[in-house]
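Colleague: I'd like a close look at one part of this model rather than a tour of the whole thing. Could you pick a helix and walk me through what surrounds it?

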Amino acid sequence: PPTDEALRDEFRRAWSPECFLSREHEEARFAAGQRALAQFRIQQLAQPAPGAAIERPCEFELAGVRIRGRMDRLDRDDAGAVIVDYKSSDVRDQRRADEKARESLQLQVYALAHQAQSGVLPHAMRLHYLDSGLVGETTPDQARLERARTQVSAAVAGIAAQSFPAKPNPVACGYCPFRQLCVYSAA
């Protein structure tokens, strides 16, 4: 395993100072990233996960379109496959972490891809929040999987129809570089 110093050096080397609101914002996020990385290293060394794959390509066909992506991590335990996705957002409540995992379209799509590739659904799906160290967990649920199929199919149909209606949102619009020019901006 890499040392703390090696991880800090790699983090510094890979850091990009773009897309921050200010120099102070960049410095705060850099420091938070360093803390999260140190905490993650300690956690992983304490209980190494049975990783089967890192950045695992996944794909499946839906609505006549090939959906492709990469899972952050795929683990295996006695009960089967566990899909893990890492998040840099700051979630500090276990109930909220579990709720976000249950409602994650991304995890549902990964589950569908895993099923298409292996013939079985994963045993569990997890969102690992790097800032807090919390892990939200869920299991595949047919109703949520069907809702994910519907959402992806609707997106495919919208793209095919070249229909891209604006969906203003104060948070998303606040980060958009076009917020001062956009007539739909909610920022």
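Modeller: Here is a walk around helix H4, starting with the sheet and ending with the neighbouring helix. Keep in mind that this is a predicted model.

Let's start with what H4 sits on. There is an open sheet of 5 strands, in the order S1-S2-S3-S4-S5, and its pairing is mixed. S1 and S5 stand at the edges with a single partner strand each, so one side of each has no neighbour in the sheet. Neighbouring strands are turned by 35° against each other on average, ignoring direction. H4 packs on this sheet and touches S1, S2, S3 and S4, with its direction at about 85° to that of S1. Helix H3 is on the sheet as well: H3 lies across S4 and S5 and runs at about 45° to S5.

Now for the interior. The largest nonpolar core has 26 residues, and Phe60, Ile83 and Leu107 have the most contacts inside it. Strands S1 (51–62), S2 (65–77), S3 (80–87) and S4 (124–129) each give two or more residues to this core, and so do helix H3 (94–103), H4 and H5. H4 supplies the largest share, 6 residues. Setting aside neighbours within four places in sequence, Leu107 is in contact with Ile83, Asp85, Ala101, Met125, Arg126 and Leu127.

Two of those contacts, Met125 and Arg126, lead us over to strand S5. S4 and S5 pair in the antiparallel sense over 4 bridges. Met125 stands opposite Thr138 in S5, and Arg126 stands opposite Glu137 in S5. The side chains of S5 (residues 135–138) alternate: Gly136 and Thr138 point to one face and are buried, while Val135 and Glu137 point to the other and are not. The hairpin of S4 and S5 has 5 residues between the strands, and Gly133 takes a positive phi near 85° there.

Back on H4, two other residues deserve a stop. His114 is found in H4 and is buried, with a relative accessible area of 1%. Leaving out neighbours within four places in sequence, His114 is in contact with Arg56, Met71, Leu74, Arg76, Ala81, Ile83, Gly119, Val120, Leu121 and Pro122. Gln108 also lies in H4, and at 3% relative accessibility Gln108 counts as buried. With the same four-place neighbours left out, the contacts of Gln108 are Ala101, Arg102, Met125, Arg144, Leu145 and Ala148.

Some of those partners bring us to the neighbouring helix. Helix H4 (residues 105–118) and helix H5 (residues 142–160) pack at an angle of about 100°, with their axes 9 Å apart. H4 and H5 are therefore roughly perpendicular to each other. On the H4 side, the contact is made by Leu105, Gln108, Val109, Ala111, Leu112 and Gln115; on the H5 side, by Arg144, Leu145, Ala148, Arg149, Gln151 and Val152. Those residues divide into 7 nonpolar, 3 polar and 2 charged.

To pull the picture together: H4 packs on the sheet, gives 6 residues to the largest nonpolar core, and meets H5 at an angle of about 100°.

Terms used. Residues are numbered from 1 along each chain as its sequence is written. This is a predicted model: local features need pLDDT of at least 70, side-chain atom pairs count only at pLDDT 80 or more; totals for chains, interfaces and linings use all residues. Side-chain values use heavy atoms; hydrogens and water are left out. Axes are lines fitted to C-alpha atoms, for helices over the stretch in contact, and angles run from 0 to 180 degrees between N-to-C directions. Angles under 35 degrees count as roughly parallel, over 145 as roughly antiparallel, 65 to 115 as roughly perpendicular and the rest as oblique. Contact means heavy atoms within 4.5 Å. Ala, Val, Leu, Ile, Met, Phe, Trp, Tyr, Cys and Pro count as nonpolar, Asp, Glu, Lys and Arg as charged, and the others, Gly among them, as polar. Buried means under 20% relative accessible area, exposed over 50%, partly exposed in between (1.4 Å probe, protein chains only). A nonpolar core is a set of buried Ala, Val, Leu, Ile, Met, Phe, Trp, Tyr and Cys residues joined through side-chain atoms within 4.5 Å. Two strands pair if DSSP finds at least two bridges between them.
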